[in-house]
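Here is a friendly walk through one protein model, written for someone who likes to think in contacts and angles. Take a look at the sequence and the fold before reading on.

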Amino acid sequence: MTLHLEEITPRTFEAAVGIRVRPDQEHAVEPVERSLAEAYVHPAGVAWPRLILDGTRPVGFLMAFLDIDWYGDGSVRRSGLWRLNIAAGEQGRGYGRFAVAAVGSEIRRRGGSELYVTWHPGADGPEDFYLRLGFRKNGETSGGQTVGVLGLG
């Protein structure tokens, strides 16, 4: 595997929006198009969307959030994984683990020490994946989703 991330540009846009999760996962993660629209409407530097490639083959999409005002009142700033879409036929090959590690590296590079994520609760959600990677539930919810945190120390 030669995994790497690429910025979403006019050259990579079509590959990014072509990423589709399994049909049974569509309720748990927004499509790439919505993620890119959300990235566009937030202030510059908040959203960090990237295409995940194995060599030249697009296998997934991630979007991190960087240094956001978590409660909207200036009391807490957080960074983490906002979206993770691994293509239906590419799951189970380590791409999700790579994506989480890449976001963690970017957060550390910017001086952060924790990586946050939210996930759709329930047996059909990605909770087991995140818990296996070392995330712990912090007792919060956000938009009806479970909040998890991973120390980057």
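The report below covers the sheet, then the helices beside it, and then the salt bridges.

**The sheet**

Please keep in mind that this is a predicted model. Its seven strands form an open sheet, and they come in the order β1-β2-β3-β4-β5-β7-β6 with mixed pairing. The edges belong to β1 (3–7) and β6 (136–142); each has a single partner strand, so one side of each is left without a neighbour in the sheet. From one strand to the next, the twist averages 30°.

At the β6 edge, the partner is β7 (residues 145–151), and the two strands pair in the antiparallel sense over four bridges. If you want a spot to zoom in on, K137 stands opposite G148 in β7.

**The helices**

Two helices are worth following against the sheet. Helix α3 (residues 95–109) packs on the sheet and touches β1, β2, β3, β4 and β5 (114–119). The direction of α3 makes about 155° with that of β4. Helix α2 (residues 32–41), for its part, lies across β2 (47–54), β3 (57–69) and β4 (77–86), and α2 runs at about 35° to β3.

**The salt bridges**

How many salt bridges does the structure hold? The count is 14. Three of them are listed here, with the distance between the closest N and O atoms.

| Salt bridge | Closest N and O atoms |
|---|---|
| E6 with R11 | 2.6 Å |
| R20 with E33 | 3.2 Å |
| R93 with E90 | 2.6 Å |

What does the bridge between R20 and E33 tie together? R20 lies in the loop between α1 (13–17) and α2, while E33 sits in helix α2, so the pair ties together parts that are 13 residues apart in sequence. R20 counts as partly exposed because its relative accessibility is 43%. E33, at 35% relative accessibility, also counts as partly exposed.

The other two pairs in the table can be read in the same way. In the pair of R93 and E90, R93 has 44% relative accessibility and so counts as partly exposed, whereas E90 has 12%, which is under the 20% cut-off, so E90 counts as buried. In the pair of E6 and R11, R11 reaches 65% relative accessibility, and therefore R11 counts as exposed.

Finally, salt bridges also form a network here: E30, R34, E38 and R83 are linked in it.

Key. Residues numbered from 1 in each chain as written. Predicted model: local features only at pLDDT ≥ 70, side-chain atom pairs only at ≥ 80, totals over all residues. Heavy atoms only, no water. Pairing = 2+ DSSP bridges. Axes fitted to C-alpha atoms, helices over the stretch in contact; angles between N-to-C directions. Contact = heavy atoms within 4.5 Å. Salt bridge = Lys/Arg side-chain N within 4 Å of Asp/Glu carboxyl O. Buried < 20%, exposed > 50% of the residue type's maximum accessible area, 1.4 Å probe, protein only.
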